[in-house]
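Colleague: Hi! Could you walk me through this model before I head back to the bench?
Modeller: Happy to, here it is.

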There are 2 protein chains.
Amino acid sequence: MRQNALMFEFQVESRDGRARVAQFHTPRGTVTTPMFMPVGTQGTVKGVSPQELLDISSQMILANTYHLMLRPGEGLVKAHGGLPGFTAYPGPFLTDSGGFQVMSLGHMRKITEEGVVFKSHVDGRMVDLSPERSVEVQEALGADVIMAFDECPPFPAEREYIGSSLERTVRWLERCLTVKSRPEQALFAIVQGGIHLDLRERSLELTLPFHTPGLAIGGLAVGESKEEMYPAVAFTAQRLPDDRPRYLMGVGHPEDLVAGIALGVDMFDCVYPTRTGRFGYALTHDGRLNMNSSAPRSELGPIDPECDCYACRHYSRAYLAHLVRAEEMLGPRMLSLHNLRYLHRLVEEARQAISAGALQSWATTWARRYFKGSIPDWFSQAIETGARPL
Amino acid sequence: MRQNALMFEFQVESRDGRARVAQFHTPRGTVTTPMFMPVGTQGTVKGVSPQELLDISSQMILANTYHLMLRPGEGLVKAHGGLPGFTAYPGPFLTDSGGFQVMSLGHMRKITEEGVVFKSHVDGRMVDLSPERSVEVQEALGADVIMAFDECPPFPAEREYIGSSLERTVRWLERCLTVKSRPEQALFAIVQGGIHLDLRERSLELTLPFHTPGLAIGGLAVGESKEEMYPAVAFTAQRLPDDRPRYLMGVGHPEDLVAGIALGVDMFDCVYPTRTGRFGYALTHDGRLNMNSSAPRSELGPIDPECDCYACRHYSRAYLAHLVRAEEMLGPRMLSLHNLRYLHRLVEEARQAISAGALQSWATTWARRYFKGSIPDWFSQAIETGARPL
C-alpha cells in the first residue's frame, strides 16, 4: 500500500455552511472543487473531443474500468502511456473500479468473497474481477484517482444483504490497498449502506480508519427516491473527513449538483448530460428543453443566450432542432457539449456563491426558476441542512 | 436574368497542360481552385463542425436544395439570413438544384416539360419541383453559386432518352435564368449527354450560348465504368470556356480528383470522404485503410504521420479502431475529418504541382503509391491527355 497524501493535497479556500471551494492537487494538474466530471465510459466522452472538453472548462474525466478492460483491454491503454496518451485528454482522470458495471451490465454474475465472475457483454466470455484485478487494471489505465473495488447493491435490497455486503466491501478495500503499488495514484474508498443511516454509520466506522486521500458516497441514485437519497447524502457527507474530497458517485442532474454541493460534496459524475443530449434534450436554468418538440423548430435564438458554449454562440434552437429531427450527428454532439458546459457553469456559479457566502440564496433563486416556482421539499431541506455548519 | 460576371471573376494564375490553378471570387470570399467541396446535405457536413471545416482549409460547402426544401423548408433557412447564418459556416456555399436527388431519392416521380412531381422521402407528401421553384428555393437558401435545374438520366439510359432529356434540360436552364433575380448569386449551367460524346457536343452547343459564369459536367459517376466516364470528362472539359470554372458534379474519390484536375476540372464534390469515414475507412496516400480490420487495433502510430488533421495529431490507429469497434461517435467524426483533410491536402499538392509545372510527374508518383504499383489504364490516359495543352 502506497498513498501519497502530499501529492493529492486538498486545500479548502472558502466555506459557506457545509459547502466548500477547494483546490485538489493531482499529478496531472490541480482541479477546483466542487466539480462535475464528464463520463468517458469507453475512453471518449460521447460526441465530445478532448479539445472541446478543455474549451468548456472540464477538469477531471471519468473512465470506466469495466468497459476498457473488456475492450480494447488495459494493456493497449498502457501501451499508449495510460488514458491521457490513449484518449488525448491531457488533464487528470478518475477510473471507477468496475464493480458497479459488473452489477448493472454483466450477465450470469456470481459474487463471492474472492470477487465477481461474470459474462462479458462484449463477447460473452467469462471474466473474473477482484479487488486485486481491479487495481491491476486501474494501474494500467493510469488515472490520477482510482476507486476501491466495491459492491453496490441494487435498490431495493434486503437490509441484511446491504449490511453483509458493506462489510465485504471493506475487506475488499483492504485487499485493494495491499496490492496498490503506484504512489502517483490516489485510491478513494467508497462508503456503502444504501438509504439506511445506521448501515452508513457502520460503513463509515469500518472505512475511515484506512485514511484514504478521498472518499466516495456509493450506492445511491440507483432507483430510490430523492426523499430517500438525500438524508443518506447529508448523513454520510457530514461524517466524512473535512480535509479530503467527498465524491458522490453517479450523480449529476442539475438539482443534484446544487443540493449535493450544499451538503458538502466536492465531486460528481454522471452520464446524464451527454445521454440526455443524445436523446435531444438541452439543459437550461429554466429546466430541460425538449428539442424534439415543435416549439424550438421556429426559434431563432440560441438554447441559452447567457451560455458561452460553441452551440449557443453559433446556433439557433431552430437549427439544432432541425439537426435532431434530421438525425444529424452534429445535433447530439452540440447538445452533449452544451449540457456539459451547463453543468460546469452551474458548478462555477455555486463556487462563486460559496466564496461570496451566498450559497443558500443563490441556490434558492436558481431552484425557483429551474423548478418553475414549485421547489420540492427534499431540495429545500438539503439546502437548509447544508446551511447549518457542522 | 441577372448574372454578374465581375462579382464571380475567375483568374487563372498558373497552368500545366490542361490543368490550372485559379482564384475564383465569390461574394463570401475568394476560393482557390482546383478545390474539393465537402457536402453538407441537410445543412451540416456530417459529423464535422464549421470550425473544423475552417481548420482543415475547406473553402466552399455544398448543400442540397432537395433535402433543405423538404426539411426544414427554405423559409427557415432564409429567416436565418441564408445558409451561413443557419449553419454557422462563414464561407461561400454552392447549392445543387434538387434535380439529381429527385431522381435518386424521390418516389413516384413524374417528369414532364413543366418539371417534376415526386413523393417526399421525409413525409410522403407530393411535391412539385420546376426550374422556377428550384431557383426560388436556391435564392432563399442564399448560396453564392446555384445550379440550373436539370435532369440527370440514370445509367444505363436509352441514347434517345438522353438526347431528348438534355434538350429539355437546356429549356429548363433558360427558364431558370429568366426567373433568377439575385445578382450576388452565380447560376452555373450543367452539360449532360451521358457517356455519348456526340450528345455531349450537342449539349455544349445548346448550353454555351447562355454564357453562364461557370459550367458543370453532370450525368457522370452514376454507375458507368471509369473507362466510360473519363473520355466524356476529357471531351467536355476541353470544350468548356477557359475563363470560367468547370465543376465535375458528384465526383470525389482521390483518383478522380487527380485525373479530373489533370483534365482541367476546377471544382469537385462528393459524399465519399464523410460516408466512407462513417463506415470506418481512412483515406491515405497508400489507399484506403479499413479501421474495422484487425491490423490497426494494435498500431500506435497515427493514420498518416504527414497529416496535420486533429485525428492524426492526437490519435493512434489503435485508438481510432477502438472507437469504430465500440461504435463511439468520435470514431466516424474523426475519420470524416481526416478524410476531408486528406482530399484538401491532395488538391493542395496538385495545385503546387501545377504551379511548378510538374503535375504529370507528381500525379504518376502519387498513383504508383496509391494504386500499389498497378496504375489503371484509364488513369494513365487521363493524365497523358491532360498533359497535352489545347
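Colleague: How many residue pairs are in polar contact across the interface of chain B and chain A?
Modeller: The rule finds 20 such pairs, both residues at pLDDT 80 or more. A polar contact here is a pair of N or O atoms within 3.5 Å; within protein, one must be able to donate a hydrogen and the other to accept it, and residues adjacent in sequence count only if both atoms are side-chain atoms.

Colleague: Before we go on, what sort of model is this?
Modeller: It is a predicted model, where local features need pLDDT of at least 70, side-chain atom pairs count only at pLDDT 80 or more, and totals for chains, interfaces and linings use all residues. Residues are numbered from 1 along each chain as its sequence is written, chains are lettered from A and ligands numbered from 1 in the order in which they are written, and side-chain values use heavy atoms, leaving out hydrogens and water.

Colleague: Thanks! And how many salt bridges cross the interface of chain B and chain A?
Modeller: Four, counting a side-chain nitrogen of Lys or Arg within 4 Å of a carboxyl oxygen of Asp or Glu. One salt bridge joins the side chains of A:Glu52 and B:Arg333, at 3.0 Å from N to O.

Colleague: Which helix gives the largest share of the side of chain B that touches chain A?
Modeller: That is α13(B), with five residues; helices are DSSP runs (H or I, at least four residues), as are strands (E, at least two), numbered from the N terminus. By class, that side of chain B has 18 nonpolar, 12 polar and eight charged residues. Ala, Val, Leu, Ile, Met, Phe, Trp, Tyr, Cys and Pro count as nonpolar, Asp, Glu, Lys and Arg as charged, and the others, Gly among them, as polar.

Colleague: Switching topic, where is the cis peptide bond that involves A:Pro72?
Modeller: It joins A:Arg71 and A:Pro72, with omega about 10 degrees. A:Pro72 sits in the loop between α2 (65-70) and α3 (74-79) of chain A. Another cis bond runs from A:Phe155 to A:Pro156, with omega near -5 degrees.

Colleague: Why point those out?
Modeller: Because most peptide bonds are trans.

Colleague: Last one: is B:Lys372 buried or exposed?
Modeller: B:Lys372 is exposed, at 62% relative accessible area (buried is under 20%, exposed over 50%, partly exposed in between; 1.4 Å probe, protein chains only). Its phi is near 55 degrees, a positive value in a residue other than glycine.
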